[in-house]
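I opened the model to look up a surface patch first and the chain interface after that. My notes follow in that order.

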Amino acid sequence: MKTTPRKPRLYRKRAKKAGLAPGTLVYVGEVQAEPVRITYIDYDEKQLQETQASKIEECFEFKETPTVSWINIDGLHDVPLIEKLGEHYELHPLMLEDVLSTVQRPKFEDYEQYVFVVLKMLRYNEERGGIDSEQVSLVLGPNVVISFQERIGDVFQPIRDRLRHAKGRIRKMGADYLAYALLDSIVDSYFAILEKLGERIEGMEDELVENPTEDTLQRIYLLKREMISLRRSIWPLREVISGFHRSESELVKETTDLYLRDVYDHTIQVIDTVEGFRDTASGMLDTYLSSVSNKMNNVMKVLPIIATIFIPLTFVAGIYGMNFEHMPELKWRYGYAAVWLIMITVFVAMIVHFKRKRWL
Amino acid sequence: MKTTPRKPRLYRKRAKKAGLAPGTLVYVGEVQAEPVRITYIDYDEKQLQETQASKIEECFEFKETPTVSWINIDGLHDVPLIEKLGEHYELHPLMLEDVLSTVQRPKFEDYEQYVFVVLKMLRYNEERGGIDSEQVSLVLGPNVVISFQERIGDVFQPIRDRLRHAKGRIRKMGADYLAYALLDSIVDSYFAILEKLGERIEGMEDELVENPTEDTLQRIYLLKREMISLRRSIWPLREVISGFHRSESELVKETTDLYLRDVYDHTIQVIDTVEGFRDTASGMLDTYLSSVSNKMNNVMKVLPIIATIFIPLTFVAGIYGMNFEHMPELKWRYGYAAVWLIMITVFVAMIVHFKRKRWL
Amino acid sequence: MKTTPRKPRLYRKRAKKAGLAPGTLVYVGEVQAEPVRITYIDYDEKQLQETQASKIEECFEFKETPTVSWINIDGLHDVPLIEKLGEHYELHPLMLEDVLSTVQRPKFEDYEQYVFVVLKMLRYNEERGGIDSEQVSLVLGPNVVISFQERIGDVFQPIRDRLRHAKGRIRKMGADYLAYALLDSIVDSYFAILEKLGERIEGMEDELVENPTEDTLQRIYLLKREMISLRRSIWPLREVISGFHRSESELVKETTDLYLRDVYDHTIQVIDTVEGFRDTASGMLDTYLSSVSNKMNNVMKVLPIIATIFIPLTFVAGIYGMNFEHMPELKWRYGYAAVWLIMITVFVAMIVHFKRKRWL
Amino acid sequence: MKTTPRKPRLYRKRAKKAGLAPGTLVYVGEVQAEPVRITYIDYDEKQLQETQASKIEECFEFKETPTVSWINIDGLHDVPLIEKLGEHYELHPLMLEDVLSTVQRPKFEDYEQYVFVVLKMLRYNEERGGIDSEQVSLVLGPNVVISFQERIGDVFQPIRDRLRHAKGRIRKMGADYLAYALLDSIVDSYFAILEKLGERIEGMEDELVENPTEDTLQRIYLLKREMISLRRSIWPLREVISGFHRSESELVKETTDLYLRDVYDHTIQVIDTVEGFRDTASGMLDTYLSSVSNKMNNVMKVLPIIATIFIPLTFVAGIYGMNFEHMPELKWRYGYAAVWLIMITVFVAMIVHFKRKRWL
Amino acid sequence: MKTTPRKPRLYRKRAKKAGLAPGTLVYVGEVQAEPVRITYIDYDEKQLQETQASKIEECFEFKETPTVSWINIDGLHDVPLIEKLGEHYELHPLMLEDVLSTVQRPKFEDYEQYVFVVLKMLRYNEERGGIDSEQVSLVLGPNVVISFQERIGDVFQPIRDRLRHAKGRIRKMGADYLAYALLDSIVDSYFAILEKLGERIEGMEDELVENPTEDTLQRIYLLKREMISLRRSIWPLREVISGFHRSESELVKETTDLYLRDVYDHTIQVIDTVEGFRDTASGMLDTYLSSVSNKMNNVMKVLPIIATIFIPLTFVAGIYGMNFEHMPELKWRYGYAAVWLIMITVFVAMIVHFKRKRWL
């Protein structure tokens with residue numbers, strides 16, 4: 001029996017927030033041991049500056065500069081830090097509340113001076129054989145992108161590389177293109193997850209045909225459960241990206257629109273694939289059930305056949321085991337042989353009958 | 001066997017109303033023993049007055065004042081009282097009819113001078129392990145909010161505290177913000193319910209794997225039933241809140257709009273979670289059924305195997321229990337030993353065969 | 001076994017109409033023995049006149065008067081009568097065709113000079129334990145409402161009383177309010193049906209848990225069938241009432257609009273409840289099936305256990321029933337006791353094993 | 001075993017068309033032995049001329065006349081004939097292609113000078129107990145209606161009669177009313193089919209309760225299959241008729257609009273009924289399955305009970321069939337009677353136990 | 001046992017693209033051994049030139065000519081070649097990225113100077129009994145159509161023939177008509193696939209009735225799986241073609257619009273058929289399961305009957321096999337005959353009882 005992977009949580013607590021005034025900043029996730037890491041990259045077409053800030057105040061100067069700045073915050077447990085950032089950049093309290101509420105449903109909101117996107121960064125956790133989810137919030141303002149993550153570690157490395165080495169058009173475009181690039185890399189990373197899931201499903205399909213066990217059922221159930229939670233991360237994305245795409249905010253330039261349409265297409269493709277997986281998983285459940293019942297039927301069928309053959313024969317033997325004084329057959333010379341003859345005849349007739357009925 | 005919690009009522013009576021003229025005020029709920037409790041809070045940014053009124057007339061003066069007034073009625077069984085209030089504040093008879101008809105579906109209505117919202121306040125009843133539902137009606141007028149509840153006890157305590165201690169922006173904003181805050185605290189309280197349900201589901205999932213009993217089935221069924229009734233309280237909320245949000249009533253100021261959007265998001269999240277629970281509950285039913293059938297199969301499989309092995313052997317024994325006079329084997333010295341040999345051979349062959357077929 | 005109530009007809013004949021010119025008046029229902037009954041109430045705020053007419057022509061004078069007239073026709077089998085009425089009031093032939101075609105789907109139509117509504121009046125038939133359906137057509141014209149019913153007996157009595165005693169606002173309002181009141185009383189009467197159905201479902205639920213029989217299944221099936229036919233009467237109502245509500249006919253005054261919105265809400269609530277019942281009925285089917293299978297499993301499980309225990313023991317007894325001459329055990333003094341010992345040991349070991357596996 | 005009716009074809013070939021230029025006229029149906037029959041009726045309010053034409057050219061003169069002409073073509077296998085007609089009346093090649101492609105989905109198209117409708121004429125084939133489908137195409141032009149049918153024989157006879165005898169308003173109205181009348185008579189004929197199906201379903205329901213056989217299952221399956229194909233003919237009709245109704249073509253006069261709305265209502269009613277049948281058929285499948293399993297359970301339950309009772313008794317008999325020399329009971333005078341006593345006691349105890357558990 | 005056809009891949013890898021800048025050209029498919037084949041056809045109404053180009057540069061001159069050019073690329077593994085083509089014709093990098101990403105979902109995009117369509121060309125692979133899919137991208141520009149295919153071999157041969165022999169209107173119309181013709185031939189080829197699938201389904205239906213085996217189940221499951229993947233290719237087509245049809249691009253002339261509407265109809269028909277197949281396949285699964293269970297029931301039923309009959313008889317024989325000294329019956333002269341009589345009576349009674357209960 002393989003180790004059944006841990007189930008994804010069905011519901012993540014946010015109840016400690018209940019009753020607080022809206023806009024009150026409370027971090028609902030697990031508190032990280034490490035301090036919050038602040039990094040920023042400030043660039044234009046000609047030059048780039050990349051620093052790990054020790055204090056949030058270091059990032060404040062970028063508000064006014066014409067260069068594009070990307071401020072990335074890894075860790076949300078230092079609420080005062082985020083409050084300070086919010087105050088300086090004049091972010092709406094409800095926006096910050098959503099940043100900290102890491103059980104947020106993916107969403108897009110347009111706060112005139114800012115555009116705000118919440119979505120889930122997923123990672124396939126090989127160890128426990130499931131999907132880990134982390135909330136990422138992106139704030140796009142004039143010449144600035146602020147990204148908030150729950151933990152250190154992300155899928156943005158290739159973008160940093162492209163920025164550093166001025167690859168592609170990224171350094172030539174504005175903050176909106178950067179925001180797009182971040183979105184794109186998150187959606188792209190979903191494909192890797194789908195691939196893993198696809199492999200897992202195909203593995204289970206083989207197992208189903210070859211040797212379905214009770215454990216297989218548990219794992220199909222787990223897969224369906226994971227699919228439910230995956231869908232909840234991915235479905236709203238459709239709206240989010242199309243909201244971004246269709247938003248009439250002046251922060252999003254027309255040249256970026258084409259790219260957003262592309263991410264939108266990828267999102268649809270991801271959703272499509274997940275739906276396909278769901279159908280397949282349902283099919284697998286059906287197969288499992290009928291495969292188990294088939295196996296059971298095979299056992300159930302063969303055994304009674306044997307019983308059926310031998311019970312009448314045993315009856316015949318029982319007859320001549322009776323102790324009546326007057327049983328003429330017992331004295332007959334060929335009685336014993338005759339009984340054998342009868343029994344063999346019955347036996348053969350039954351086998352032939354069962355064969356003909358295809359029960360054997 | 002655990003006590004099966006009481007089922008939620010499938011249908012709450014309202015038939016005593018049939019045939020009455022529309023706008024006739026009839027209270028369809030249970031009559032409370034305690035008298036109706038009237039409390040009001042009257043405030044502006046600088047001062048706040050909070051009183052428990054003994055007569056409804058005490059609340060009438062607020063109609064004209066520029067301060068914001070929140071009149072809260074706990075208990076709907078005193079129809080004349082509600083009629084008087086309605087007359088003074090010029091509330092439409094149909095609106096009052098809905099207030100008293102506590103089997104109302106959540107809804108939003110715009111009566112020009114007033115905006116009217118009906119929704120359900122839910123509470124998890126630990127004792128009977130189910131959800132209790134109470135109807136709350138909110139009337140938002142110029143500088144006044146009137147809330148009607150079926151019973152004393154609600155989820156508005158934090159709002160009262162915020163008002164008293166002038167926490168957050170609530171004292172600075174108008175009646176529309178107060179109405180929003182009430183809505184928000186009701187929707188927020190749903191999250192606590194979902195958490196309870198989530199825990200219950202996870203508990204049942206463990207039970208399912210470890211030791212599914214007939215009682216488990218009853219409880220899954222009950223859960224599904226509770227989900228049906230939960231959905232009926234929550235689904236219409238989407239429309240209600242978006243109706244409020246999109247309403248062009250002059251009673252709702254633009255600054256409050258952003259907050260309503262936020263409640264709307266929470267509502268979607270609640271609905272999403274309930275749907276996720278429903279999928280999970282369906283999956284649990286499947287698991288339960290196949291788990292029970294698996295267990296049954298295990299019993300059914302092992303037993304016939306034993307029968308199958310011993311029936312042919314008993315037949316052999318039966319043969320040599322026959323009393324024919326001419327049975328040469330009986331006289332053979334090694335007859336008995338030979339029979340044992342045959343029987344042991346058959347036994348071993350069968351065991352090997354079954355093992356190979358994986359029936360053992 | 002209780003008497004299974006009669007099934008609602010799946011399909012009511014209307015084929016005798018096929019091939020006729022549109023607008024040809026043919027009554028497709030059962031012909032009543034009693035003659036058609038014509039009653040009219042003519043009223044304004046100050047006075048009211050109520051008469052049972054012997055000839056349809058008596059109703060013709062109302063066409064021109066400024067008072068509101070309600071002409072009610074009980075029975076549709078007198079086609080010429082209806083033709084005459086139609087001609088005098090200039091009703092469109094297609095409208096009259098729909099009145100007579102009592103298998104009509106509920107619908108709303110706006111014929112400029114008239115507004116036309118078809119819907120179903122339902123009644124719970126205690127005797128056969130099912131729902132009876134009767135088609136009611138309402139024609140709203142300037143200062144006149146004409147209602148057509150299939151049979152004598154309706155749910156309009158309270159409205160007649162309100163008219164007679166000038167209760168509520170009904171005598172002060174126009175014909176549109178009267179039409180609304182008729183609609184409202186029909187929709188209100190659905191709640192009584194739902195209550196009956198709710199009770200029936202709850203009764204069946206108890207039966208399901210306590211003692212499910214084959215008859216229960218039949219009754220669940222019947223209930224689902226009734227639900228299908230109920231839905232067909234009720235679903236289109238949503239459109240009908242919202243069509244009425246949104247219609248821009250000058251016949252419907254603005255003051256009545258608010259009341260129509262109220263009926264609309266009731267309709268939604270009825271639909272909602274029916275959907276809830278449907279979900280519950282499906283759940284009941286699942287419960288029934290697994291309850292029956294559980295019961296079966298209990299029988300199936302205990303019996304083979306007994307067989308399994310005794311078959312090997314019988315085999316042992318069979319061994320020593322053989323008649324070989326050389327069977328040393330038979331001569332051994334304690335042979336018999338030893339066999340008992342073996343058999344008791346096997347017996348106890350099996351019981352313990354089964355207990356441990358929870359098969360007992 | 002009744003003869004299982006022939007299944008409707010799942011897919012009708014149209015592949016021979018693949019690769020041809022669009023607008024290429026190819027008839028994909030079965031070639032009829034009889035020649036194509038051309039009939040036309042030319043009429044206005046005062047006179048009517050009805051002829052069976054031997055050559056298609058006879059119909060050409062009607063193009064210019066102010067009288068209304070109805071050209072009906074029975075049989076589509078004479079492609080050049082249809083080509084000639086198309087050329088003279090300037091019908092678009094794609095329209096003609098659709099006429100000949102008899103596997104067309106019902107559709108409505110507006111080609112400015114012409115309005116084009118394709119739909120299915122259904123007939124209940126009593127002989128094979130299924131529904132036959134024939135494609136009918138209607139072209140409505142200025143003062144002309146051209147109808148194409150696959151075979152001789154249709155549901156238009158009553159319309160011809162009404163034309164001939166100038167019954168109703170048909171002779172006074174234009175070509176659009178004629179087109180409507182044809183549509184109406186096709187939709188009307190669906191009701192007869194539904195009636196047949198309804199009867200068949202009700203018959204099967206009785207059979208289900210009284211004596212479900214394996215054949216019943218086959219017939220439920222066939223019914224569902226027929227429903228699938230029926231839906232494919234009927235569902236698109238909704239769009240077709242509403243397309244016709246809403247079309248802003250000048251060919252459709254306002255007076256005809258009211259009639260089209262009426263057909264539309266009938267279509268909705270047909271669709272509604274089919275959906276109701278589908279639900280019922282699904283319910284029947286469930287009932288069948290649980291009825292069969294019930295019956296099986298009854299067999300399965302009684303038999304093991306007998307086995308369970310007699311196996312222990314046989315064991316007891318086996319004990320005293322052993323041949324040990326020292327078996328004191330055998331010598332005891334009342335041994336035999338005692339054994340009988342034990343066996344009867346066990347027997348009665350078991351029966352009582354089973355009765356109490358309701359297994360008997 | 002027939003060879004089970006290979007399953008279609010659930011998920012095709014595209015992960016190697018993750019992290020690259022958008023617009024980076026990477027071919028994600030299998031690299032073909034053969035070099036990329038470039039062919040072009042350049043034509044107007046009067047003349048046509050058809051060449052297989054050895055270098056992509058040969059196609060560059062067509063950009064400016066007023067004749068219509070169709071450039072067809074078979075094979076996508078030569079990325080620089082495609083890059084060069086893209087540069088010369090000024091195709092957007094995202095468009096080229098989609099061309100190379102052969103796991104693209106069908107889509108339509110309007111890039112002002114170009115209109116871009118991606119779709120799937122399907123082929124029924126007789127050998128492995130499944131559907132092969134190949135991505136085709138079409139770029140429609142002013143007077144030019146560029147088509148990209150993954151492999152040599154396509155369904156465009158009839159179009160080439162029509163071009164060469166100036167059949168139909170294709171040589172007289174512009175590039176938009178050519179693009180339409182390519183789309184049309186792809187959609188047309190789906191009908192052949194549907195026909196194959198239809199035949200396969202009908203074959204399986206016969207098999208289901210006659211002799212369902214475990215292999216049948218595997219094949220139904222495989223069919224459902226194939227349907228899932230077929231739907232994913234076909235469903236988006238609806239949007240694609242309607243996007244093309246409704247696009248306001250100047251590249252699509254009005255005369256072509258009518259033709260696009262025609263393809264759209266075909267697409268709907270394909271989708272309809274696939275949905276019908278899906279319903280049928282689900283029905284087949286139900287039939288299979290109940291057919292298997294029926295067969296099983298037949299085995300299960302007959303066998304216990306035999307056991308039930310003989311077990312009591314064997315008990316009777318066991319009684320008189322006991323060795324009590326005092327068993328008066330044993331000494332009675334007609335004891336043996338009496339036992340036979342009893343046994344035959346019991347036997348006959350049981351057979352009659354079973355017959356009456358219809359268990360035999």
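Which residues make a nonpolar surface patch of about 320 Å²? I found A:Ile344, A:Phe347, A:Val348 and A:Val352. I note that the model is predicted.

I then looked up one member of the patch, A:Ile344. This residue is found in helix α8 of chain A, which covers residues 335–356. I asked whether A:Ile344 is buried, exposed or in between. I log A:Ile344 as partly exposed because its relative accessibility is 48%, and the partly exposed class lies between 20% and 50%.

Next I turned to the interface. I list 63 residues of chain B in contact with 66 residues of chain A. The two chains bury about 5,700 Å² between them, and carbon and sulfur atoms carry 61% of that area. Within chain B, the residues that lose the most area to chain A are B:Phe315, B:Phe324 and B:Trp359. Together these three account for 12% of what the chain B side buries.

I also checked the polar side of the interface. The rule finds 4 salt bridges across the interface of chain B and chain A. I looked up the salt bridge that A:Arg105 forms with B:Asp272, where the closest N and O atoms are 3.2 Å apart. The rule also finds 12 residue pairs in polar contact across the interface, both residues at pLDDT 80 or more.

Last, I looked up which helices of chain B touch chain A. α3 (157–164), α4 (175–210), α6 (254–319), α7 (328–331) and α8 (335–356) of chain B each supply at least two residues of that side. I record α6(B) as the source of the largest share, 32 residues.

Key. Residues are numbered from 1 along each chain as its sequence is written. Chains are lettered from A and ligands numbered from 1 in the order in which they are written. This is a predicted model: local features need pLDDT of at least 70, side-chain atom pairs count only at pLDDT 80 or more; totals for chains, interfaces and linings use all residues. Side-chain values use heavy atoms; hydrogens and water are left out. Patches are made of residues with over 30% relative accessible area and no salt bridge: like charges are joined within 9 Å, nonpolar side chains (Val, Leu, Ile, Met, Phe, Trp, Tyr) within 5 Å. Accessible areas come from the Shrake-Rupley method with a 1.4 Å probe; for residues, only the protein chains shown count as cover. A salt bridge is a side-chain nitrogen of Lys or Arg within 4 Å of a carboxyl oxygen of Asp or Glu. Helices (H or I, at least four residues) and strands (E, at least two) are DSSP runs, numbered from the N terminus. Buried means under 20% relative accessible area, exposed over 50%, partly exposed in between (1.4 Å probe, protein chains only). Contact means heavy atoms within 4.5 Å. Buried area is the accessible area (1.4 Å probe) that two parts lose on being put together, summed over both. A polar contact is a pair of N or O atoms within 3.5 Å; within protein, one must be able to donate a hydrogen and the other to accept it, and residues adjacent in sequence count only if both atoms are side-chain atoms.
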